[in-house]
Amino acid sequence: AQHGGPVAPVGPTNPPTGAPTIAKCGNGYSEFGVDITCDQYGEETSWELKDVCTGELVLQGGTYSNSEEVSIRDCVPDSRYDFSIYDEYDDGMCCGYGEGSFKVYYRQSQIKEGSKFDSKDTVLFGLCTQPPTASPMNEPVNTSGGMAWKEIFFDDFDTSNKHRRYGNYEGGGKNARWSGGKFYHSPPGSIFIKYADEGGASALALKNAIDVTNHNFIKVNFWFQPFHLEKFDGFALEITKNNGDWVTQKHWTVDEDRLRNADWQEAEQVIDVREASSVRIRFNCDSDRRNERIHIDDVQISVDDSSAAAPDDDIEYDDFYAANDTALSDTQSSDSQSSDSGDSLDSSASSDSADSTARMDAASNSTDSGDGVDSSES
């Protein structure tokens with residue numbers, strides 16, 4: 001279906017097999033490209049490229065003819081982008097009605113390819129070159145439950161510099177460290193946390209405490225990918241207030257929360273900090289085998305904006321907190337890293353399906369052997 005806005009110019013009908021070729025972009029711009037091979041229902045396919053930093057819709061394409069091949073090339077301002085491709089009939093581009101697929105390129109490198117998804121597949125890439133114009137640090141970034149929020153920091157763990165890749169966090173030795181390869185929500189990496197089979201730290205924790213003296217709530221938004229987790233395995237978001245004991249704020253399990261191995265899923269957690277002056281958070285894996293782990297990426301922490309208009313005196317904070325306790329989004333990036341989608345786990349299953357397990361076993365062997373993972377942190 002058409003998603004509004006201008007349709008991006010369509011280039012050659014035969015897309016190249018490698019990275020896109022485009023005249024060198026000017027200063028402050030980067031090369032962007034997308035190749036699409038439609039299935040037998042090209043009229044169901046459309047896509048968007050949005051600037052995350054400004055909220056602007058930069059490029060858009062679709063719909064197309066059946067089995068059409070298109071190749072789009074353009075120069076876009078240096079920024080952070082969200083590319084999303086849609087299928088109106090919710091059956092992706094492969095393989096019941098033809099073998100459709102898509103590839104996304106940025107700065108002459110392929111950053112995403114896929115074919116099997118439901119209604120939408122997406123990838124985040126790039127970096128904001130300046131504070132977001134739509135939501136600067138000194139302004140509310142959004143509202144939730146009548147509360148205004150402002151971001152204090154965002155970590156995507158996307159630098160290849162091993163001394164900076166953890167951002168505002170600290171790793172947990174070999175049990176919680178940076179991972180590259182195919183394990184990311186936005187390229188090129190994420191942090192994986194696994195069972196501490198030989199003891200030691202196994203959590204991803206904030207380095208420094210957040211000053212919440214003038215705030216009542218903090219909000220944590222993040223993406224996570226379970227890997228090899230079984231029925232009662234899961235992970236936790238924990239908090240320490242005023243340097244006290246770590247307390248579990250929310251615990252997710254495969255059985256109760258229907259976590260899907262090999263799929264990226266989004267979560268939001270609102271935390272009451274009215275009785276604290278400083279807080280730290282950390283993510284912890286709850287499993288019992290060394291190949292079971294959780295990947296964490298694109299973590300945003302916001303505080304309620306004290307400069308915004310105060311809520312009515314009769315607002316019940318407990319009601320607000322309960323209503324915003326957890327939002328595990330239906331939005332997912334199925335087939336986020338390959339053309340095969342992960343199998344869902346229902347509450348009666350105690351392990352992954354054979355196909356999903358085989359795929360994850362292969363990836364696990366390469367990861368545990370150091371392929372795509374920063375072994376220097378061990």
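On the surface of this predicted model, Glu43, Glu88, Asp90 and Asp118 gather in a patch of negative charge; such a patch is made of residues with over 30% relative accessible area and no salt bridge, like charges being joined within 9 Å. A salt bridge here is a side-chain nitrogen of Lys or Arg within 4 Å of a carboxyl oxygen of Asp or Glu. Residues are numbered from 1 along each chain as its sequence is written. Local features need pLDDT of at least 70, and side-chain atom pairs count only at pLDDT 80 or more, while side-chain values use heavy atoms, with hydrogens and water left out.

Within the patch, Asp90 lies in the loop between strand S5 (80–87) and strand S6 (94–95), strands being DSSP runs (E) of at least two residues. Asp90 counts as partly exposed because its relative accessibility is 45%, where buried means under 20% relative accessible area, exposed over 50%, and partly exposed in between, with a 1.4 Å probe and protein chains only.

The structure also holds two disulfides, each a pair of cysteine sulfur atoms within 2.5 Å.

| Disulfide | S to S | Angle about the S-S bond |
|---|---|---|
| Cys25 to Cys75 | 2.0 Å | -85°, left-handed |
| Cys94 to Cys95 | 1.7 Å | 75°, right-handed |

The link of Cys25 and Cys75 connects distant parts of the chain, with Cys25 in the segment before strand S1 (29–37) and Cys75 in strand S4 (residues 69–77), 50 residues apart. Cys25 is buried at a relative accessible area of 9%, whereas Cys75 is partly exposed at 27%. In the other pair, Cys94 counts as buried at 15% relative accessibility, and Cys95 as partly exposed at 42%.

Note on methods: Patches are made of residues with over 30% relative accessible area and no salt bridge: like charges are joined within 9 Å, nonpolar side chains (Val, Leu, Ile, Met, Phe, Trp, Tyr) within 5 Å. Accessible areas come from the Shrake-Rupley method with a 1.4 Å probe; for residues, only the protein chains shown count as cover. Lys and Arg count as positive and Asp and Glu as negative; His and the chain ends are not counted. The place of a charge is taken as NZ of Lys, CZ of Arg, CG of Asp or CD of Glu. Helices (H or I, at least four residues) and strands (E, at least two) are DSSP runs, numbered from the N terminus.
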